[in-house]
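Trainee: Got a minute to go through this model with me? I'd like to get a feel for the fold before I set anything up.
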Amino acid sequence: MGTGVESGVGLTALMVAAARAIETHRPDALAADRYAEHFVRAARASAHWPVHPRQVRGGEADPLWGRLGRYFGLRTRVLDDHLLASARAGARQVVLLGAGLDTRAFRLDWPLGCTVFELDRPGVLAFKQDVLDRRDATPAARRAPVAVDLREDWAEALLAAGFRSEAPTAWLAEGLLLYLPSAAERSLVDTVDRLSAGGSTLAYEVKLGLESDAVRSHPVYTAARLRIGVDLLALFDGEPRPDTRADLAGRGWSTRVHTPFDFSRHHGRGPLPEPDDALAANRWILAHKPSP
């Protein structure tokens with residue numbers, strides 16, 4: 001097993017799944033995902049990674065499974081809350097762009113009539129489906145996996161899966177735009193806007209600007225590279241990033257920008273700033289397209 005998730009960006013999906021598994025078992029967990037550890041154990045590349053806090057030698061002081069892991073747990077909770085709020089406000093379509101090993105279709109309490117569309121590469125979706133089938137997983141909403149490459153035209157495949165552009169949608173690009181070429185990010189935002197009815201929302205993650213040499217040497221990056229073979233800095237697209245927030249504003253969307261630390265303080269747990277911080281440039285953007 002493991003096709004599609006054993007290398008490159010696919011490997012980051014396993015890294016995030018391991019972080020969710022560890023978070024699930026914390027006594028003060030921000031999010032719970034009972035499927036996450038099964039993804040980690042099913043892939044050869046990650047079979048030996050920790051999936052429980054007791055397996056993390058340094059606890060929350062560990063830069064990889066402590067600090068970065070807690071970051072992913074916090075991000076999961078914040079975006080869970082955002083998507084559920086959008087659904088309860090009337091969006092009955094949820095589109096996960098670069099869904100990876102996301103299990104929100106299974107683990108969240110969706111309002112009646114919701115459809116969760118999961119867009120990712122065929123190999124990733126096949127690996128995910130195999131693991132879920134082995135666990136007899138049953139989704140809590142209608143689930144529609146859509147095999148696409150988000151660097152190419154994916155709108156027709158989404159529409160063919162039953163997506164309705166006249167209905168409000170909650171879009172999510174979690175940990176995606178960092179890896180896309182600039183042209184692909186601009187195309188993706190254009191497609192999201194074109195397919196979004198009034199009342200739609202979009203949540204996404206960006207990094208602000210280029211990081212200094214000191215930040216690039218942060219233990220979060222070095223631990224991921226040396227201990228599990230995930231070179232995040234090499235995977236981030238190096239082109240100048242488009243100003244997606246300004247693009248959305250120009251199309252009539254309202255946007256709110258948050259640092260992860262805003263939510264660490266709100267929830268009373270999660271990473272806080274530190275010197276030469278690898279997380280300091282991360283921003284979570286929550287956007288809304290008003291109804292006509």
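What follows is a short chat about the fold, its cores and a few single residues.

Mentor: Sure. Keep in mind that this is a predicted model: local features need pLDDT of at least 70, side-chain atom pairs count only at pLDDT 80 or more, and totals for chains, interfaces and linings use all residues. Residues are numbered from 1 along each chain as its sequence is written, and side-chain values use heavy atoms, with hydrogens and water left out.

Trainee: OK. How many helices and strands are there in the protein?

Mentor: Twelve helices and seven strands. Those are DSSP runs numbered from the N terminus, with helices being H or I of at least four residues and strands E of at least two.

Trainee: And what's the radius of gyration?

Mentor: It's 18 Å, which agrees with the value near 19 Å for a compact globule of 292 residues. That is taken over C-alpha atoms, and the globule rule is 2.2 Å times the number of residues to the power 0.38. The C-alpha atoms fill a box of roughly 50 × 45 × 35 Å along the principal axes.

Trainee: What percentage of the residues count as buried?

Mentor: 56% of the 292. Buried means under 20% relative accessible area, exposed over 50%, and partly exposed in between, using a 1.4 Å probe and protein chains only.

Trainee: Which residues touch the most other members in the largest nonpolar core?

Mentor: Met 15, Trp 49, Trp 65, Leu 68, Trp 110 and Leu 232, in a core of 69 residues. Helix H3 (residues 63–88) gives that core its largest share, eleven residues. By nonpolar core I mean a set of buried Ala, Val, Leu, Ile, Met, Phe, Trp, Tyr and Cys residues joined through side-chain atoms within 4.5 Å.

Trainee: What does Met 15 touch?

Mentor: Skipping residues up to four places away in sequence, Met 15 touches Trp 49, Leu 64, Trp 65, Leu 68, Phe 72, Ile 228, Val 230 and Leu 232. Contact here means heavy atoms within 4.5 Å. Apart from that core lies another, of 29 residues, including Val 148, Ala 155, Leu 176 and Val 206.

Trainee: Switching to helix H9, which residues are buried there?

Mentor: In H9 (residues 219–228), the buried ones are Val 220, Tyr 221, Ala 223, Ala 224 and Ile 228. Their cover includes helix H1 (8–24), H3, strand E5 (201–207), helix H8 (213–216) and helix H10 (232–235). Right after H9 comes Gly 229, with a positive phi near 75 degrees.

Trainee: Where is Asp 136, and what's its phi?

Mentor: Asp 136 sits in the loop between helix H5 (122–134) and strand E3 (142–147). Its phi is near 55 degrees, a positive value in a residue other than glycine. Asp 136 counts as exposed because its relative accessibility is 65%.

Trainee: And Asp 276, what's the phi there?

Mentor: Near 50 degrees, again positive in a residue other than glycine. Asp 276 is in the loop between helix H12 (260–267) and strand E7 (282–288), and at 45% relative accessibility Asp 276 counts as partly exposed.

Trainee: Last one: is Thr 115 buried or exposed?

Mentor: Buried, because its relative accessible area is 11%. Thr 115 belongs to strand E2 (residues 115–120). Leaving aside neighbours within four places in sequence, Thr 115 is in contact with Arg 92, Gln 93, Val 94 and Arg 142.
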